[in-house]
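Hi everyone, thanks for making time. I'd like to walk you through one structure today, starting with some backbone details and ending at the ligand. Here it is on the screen.

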Amino acid sequence: MIQKFRFGSPISTDATVEELPIIQVTKENLTAAASAKKDCPSTVKDAEIGVLTNFFHISLGQSFSLSLTMEDSDAVYGLGQANRGINKRGYKYISCCTDDPNHTEEKVSFYGAHNFIMLIGKVSFGLFIDYPANVCFDIGYTKQNELTISTEGRDLDLYLITRTQSDDKENTDNIDSDALCITREFRRLIGQSYIPPLWAFGYIQSRWGYMNENDIRRVAKNYRDNHLPLDSISMDIDYMEDYKDFTVHPDRFPDLAALSGEMSKQGLHFIPIIDAGVKIEKEYDVYEDGVKNNYFCKRANGTDFVAGVWPGKTHFPDFLNADARRWFGNLYKRLIDLGIEGFWNDMNEPAIFFSEEGLEEAAKKVEELLKVKDNPKLNDFWAMQGVFNINNDHADYKRFYHNMNGQKIRHDKVHNLYGFNMTRAAAEAFDRICPDKRLLLFSRSSYIGMHRFGGIWTGDNQSWWSHLLLNIKMMPSLNMCGFLYSGADLGGFGSNTTRDLLLRWLAFGIFTPLMRNHAALGTREQECYQFEGLDDFREILTLRYRLIPYIYSEFVKASQNNSLLFSPLAFSWPQDKVACEIEDQLLMGESLMLTPVYQPNVSGRTVYLPEDMLFVKFTSATEYKTESKKAGWHYIACALNEVCFFIRKDHLLPLCPPCECTGELDYSNFELLGKTKEGLSYELYMDDGYTKDIAHEGRYLTLK
Ligand code: GLC
């Protein structure tokens, strides 16, 4: 059951799709409900609001806060793209879309703002705080057993999701856990997850620094010549002319349509990047049109706000203005007309390297510091360090405004909606431009609700083993918030990767819907063919292609049923205390339990089986060993070039024959793993992979 409580008069975010009755909450009726007797509230209103006051202590002044005492055994899940573990207890997280490429353990904000949490314990519930500015989730940071959620403003919608008897299935043998039921309810509230085209499940090679068409041709050739499977190459900002959105560099990429046609013959797609900021340049039509039509974000005095990003000075399209959204979305057609079928939206927190105001303030500080240059003190030294720390300064978010349905709203009050609406602009335009076709779209920044329009990648991670583990732990949380099409930069974006790290990361990445190897300019080249022992890479990538029918099928089911593609063991075995604490093994779809290796210099790992399962070890894309294992702890050997996982009891895994791109997938001949007894079957979903006519019953094939 979901109840919608409204505090004040919130800005509409379009995060949800379900209409629910609104229970308006004021300070007065909170007090009345709290003092009314729990069992016999005097009014209906008291009774409704009493549900809230029974759970939480709510304080409503100029700001809002909600708190409760957690039991030691309670676990807290959710928050989507957030730091640390699957159980979020023990730290503080701030929902504030942030361009910070250093995802170290103490960081409190990443690129997405996903304000959904679930507390699972003796009493379980889910909470969605629909509020587009900063939200602080203190989950046992200030006080170990206290959960406090606070916002600076007090206008918000709060959704309380509880499990009722009627949510339970009649068949009591097969009751889903509280966590699964609450997730499903929440996902129903926010709408069905985006389903990309089938080719988006193929392997994507990317790098910031493919400078011209020959660089791209070389990547394609190396993959194809070495029989390393590949479906797409993503194009970073280098393809643009002076980093101007919707332009193509005339010398470096003289004929993108021809190049795209040439790639398409090899079964390859291009995925160009689009950045949020529009370069300020006379006669650049996107800039000129934006200025003329007031499509850019404005300062308080009505002039267009200026932010420094890749092209130098830029204006930010006002994605919260429906007209500007339509205008910007239509611009994607320029690239679609050149044969492009997929895009990634970037820098849309929005990232700000500097603002004109910020630069001026920094210059003044420098002047001040120069006055003490003959005898600087320690404080001056600290000040020197701070002077040019002006990128992504939150002060800048108070310097520009949006026009939302004629209302002027300061950016910081709706900050977390910006990237969401950039992606929505593109997705809505795709529906107009090619109504019958699915295009690939993923974004860096996001808010709850964006999952209906596109996927996300998890931004600028590093080539660190700890970031492989972070990737593993983040997948279920992203799914809880609706983001099914997601994945990390495999091999790591920043710093130099190593062969073993890339292999282990790929061995996990073959299960993530978005499987992209991407690296930063200046780092070691990390295409698979850059390393010795190519066979190892080939086998792992080929196994991905053998898995695609299963991954795609489970993906569509998860989207249709509002369920999880990746889930923690705790959600399926809530009574098993050991399983509940395991965060480095994940269930993936109905059949698999993944047990990735995420440490250097190890030849295996220990795994915990909550029930008997079938161990599967792939030593190449076609050769594997299986062994039945009993519930409990086991050590499994898993060499660098092997992929190991488990098939759940009475489940099957369909594998198609090996191939090198999704265009060659053969759905006529499946190998079924896990046939430990007669009578088992698997429902495989399949469609043409392109059109929007998805998932009706006729699309399922029973494999047995
Ligand atoms: C940002 C993106 C990264 C991209 C780079 C250059 O850092 O997160 O993926 O390569 O910008 O466009």
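Let's begin with Arg84, which is partly exposed because its relative accessibility is 29%, a value between the 20% and 50% cut-offs. Please keep in mind throughout that this is a predicted model. Arg84 sits in the loop between strand E5 (75-78) and strand E6 (91-95). Its phi is positive, about 70 degrees, although Arg84 is not a glycine.

Where else do we find a positive phi in a residue other than glycine? At Asp650, with phi near 65 degrees. Asp650 belongs to the loop between strand E36 (643-648) and strand E37 (653-655), and at 35% relative accessibility it counts as partly exposed.

One more backbone feature for those of you who set up simulations: the peptide bond joining Glu349 and Pro350 is cis, with omega about -5 degrees. Pro350 is in the loop between strand E19 (342-346) and strand E20 (354-355). Why do I point these out? Because most residues other than glycine have a negative phi, and most peptide bonds are trans.

Now to another loop, the one between strand E33 (613-618) and strand E34 (624-629), where we find Ser620. Is Ser620 buried or exposed? With a relative accessibility of 11%, Ser620 counts as buried, since the cut-off is under 20%. Its side chain makes a polar contact with the side chain of Glu623, at 2.9 Å.

Over on the surface, Leu378, Phe381, Trp382 and Met384 make a nonpolar patch of about 430 Å². Trp382 from that patch lies in helix H10, residues 378-387. With a relative accessible area of 48%, Trp382 is partly exposed, so it falls just short of the label "exposed", which needs over 50%.

Finally, the ligand. There are 13 residues around the ligand, and Asp236, Asp346, Arg444, Asp460 and His518 come nearest. By class, this shell has eight nonpolar, one polar and four charged residues.

Which distances might you want to look at? A polar side-chain atom of Asp236 lies 2.5 Å from an oxygen atom of the ligand, and Asp460 likewise places a polar side-chain atom 2.5 Å from a ligand oxygen. For His518, the distance from a polar side-chain atom to an oxygen atom of the ligand is 2.9 Å. As for cover, the ligand has 310 Å² of accessible area on its own, and the protein covers 98% of that.

That's my tour, so thank you for listening!

Key:
Residues numbered from 1 in each chain as written. Predicted model: local features only at pLDDT ≥ 70, side-chain atom pairs only at ≥ 80, totals over all residues. Heavy atoms only, no water. Patch = residues over 30% accessible without salt bridge, like charges linked within 9 Å, V, L, I, M, F, W, Y side chains within 5 Å. Areas by Shrake-Rupley, 256 points an atom, 1.4 Å probe, with all protein chains shown as cover. Salt bridge = Lys/Arg side-chain N within 4 Å of Asp/Glu carboxyl O. Helix = DSSP H or I, 4+ residues; strand = E, 2+ residues; numbered from the N terminus. Buried < 20%, exposed > 50% of the residue type's maximum accessible area, 1.4 Å probe, protein only. Polar contact = N/O pair within 3.5 Å; in protein donor to acceptor, adjacent residues only side chain to side chain. Near = heavy atom within 4 Å. Nonpolar A, V, L, I, M, F, W, Y, C, P; charged D, E, K, R; others polar.
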